[in-house]
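Me: Please take a close look at one part of this model, the packing and charge pairing between its chains. I would like the cut-offs stated with each term.

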Amino acid sequence: MNTFFDTLAALFLLGGLFSFVVGALGVVRLPDVYHRLHAASKSSTVGMMGLLLAATCHLGTTEVGVKALMVMVFLFVANPVGSHLLAKAALKAKTPVWEGTLEGDQE
Amino acid sequence: MTADLLPLLLAAGADAAPAAGHAADAGHQSSATTVLLLACYTALAGLGLGMVLCLWRLVRGPSLPDRVLAADLLALHVVAIVVVLTIYLHDTVFFEAALAVGILGFVSTVGFAQYIHATAGQPHHPHGNAADPDHVRPVGHAPQQAAPGAPA
């Protein structure tokens, strides 16, 4: 049973790692700040969920279950809020958009 | 006293943790399987790579929102590394640190967003993109008054 849960934890860990690396690559590669926010916020939220599920699988729900759930709920609330505030502020500060952005997409 | 304290000190380092665990408490819970250990190493390497990429964007980023976004993602990488180290060391004392770093990253992002929002209309705002302000229409906001001395 221990081996089963550890393998499950390894799978969750690698899934979360994949999300994080994709998010970091998007932050480097995407053309403007709005695309980068799109890459950073969602992928890091999902990646953190994978890592916390891995920790819960390995350590057991009695050890870290409640704390992992707290971190998960907090990140699910805080990450979209922070990204939305940052996008609104960048829009107000007239941060340049990618030249391929369609007209009217900024609304 | 020193002989009791030494394994604890050794356990503070990640590399010394298995040896100290053997020395200190034989009844310690069984460690992770090889698959999970390999996954932990891979995750640490990948998260380090992600931190390097975030640092590159933090240094390079042409505007202030880019830098704030990179700092936010960097804080999330720190949280992720703390969680992976929790799995690797089989020790739950770091979870409060994870929550604290997460809250800190969120609050700093909100603070910087408020700062960018507040200083957006100033003629010489320090965001580094004052050269071409005409790429974006100011939607949803009242037209900003041009400062008397500023070019239109």
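Reply: The account below goes from the conventions to the salt bridges, the nonpolar cores and one helix.

This is a predicted model, in which local features need pLDDT of at least 70 and side-chain atom pairs count only at pLDDT 80 or more, while totals for chains, interfaces and linings use all residues. Residues are numbered from 1 along each chain as its sequence is written, chains are lettered from A and ligands numbered from 1 in the order in which they are written, and side-chain values use heavy atoms, with hydrogens and water left out.

Over all chains, the search finds 2 salt bridges (a side-chain nitrogen of Lys or Arg within 4 Å of a carboxyl oxygen of Asp or Glu). One of them pairs Arg36(A) with Asp66(B) at 2.4 Å, N to O. This pair crosses between chains, from helix α2 (residues 33-59) of chain A to helix α4 (residues 64-89) of chain B; helices are DSSP runs of H or I, at least four residues, numbered from the N terminus. Arg36(A) and Asp66(B) are both buried, where buried means under 20% relative accessible area, exposed over 50% and partly exposed in between, with a 1.4 Å probe and protein chains only.

Lys67(A) and Glu96(B) form a salt bridge at 3.2 Å, N to O. Lys67(A) belongs to helix α3 (residues 61-92) of chain A and Glu96(B) to helix α5 (residues 95-118) of chain B, so this pair also joins two chains. Lys67(A), at 27% relative accessibility, is partly exposed, and Glu96(B), at 43%, is likewise partly exposed.

The largest nonpolar core has 35 residues, of which Leu13(A), Met48(A) and Leu52(A) touch the most other members. Such a core is a set of buried Ala, Val, Leu, Ile, Met, Phe, Trp, Tyr and Cys residues joined through side-chain atoms within 4.5 Å. Helix α4(B) gives the most to this core, with 9 residues. Beyond its neighbours within four places in sequence, Met48(A) is in contact (heavy atoms within 4.5 Å) with Phe20(A), Leu75(A), Leu76(B), Val79(B) and Ala80(B). Apart from this core lies another, of 19 residues, including Val27(A), Ala89(A), Ile116(B) and Ala120(B).

Helix α5(B) has buried residues, among them Phe95(B), Leu99(B), Gly102(B), Thr109(B) and Ile116(B). The buried residues of α5(B) pack against α2 and α3 of chain A together with α4 of chain B.
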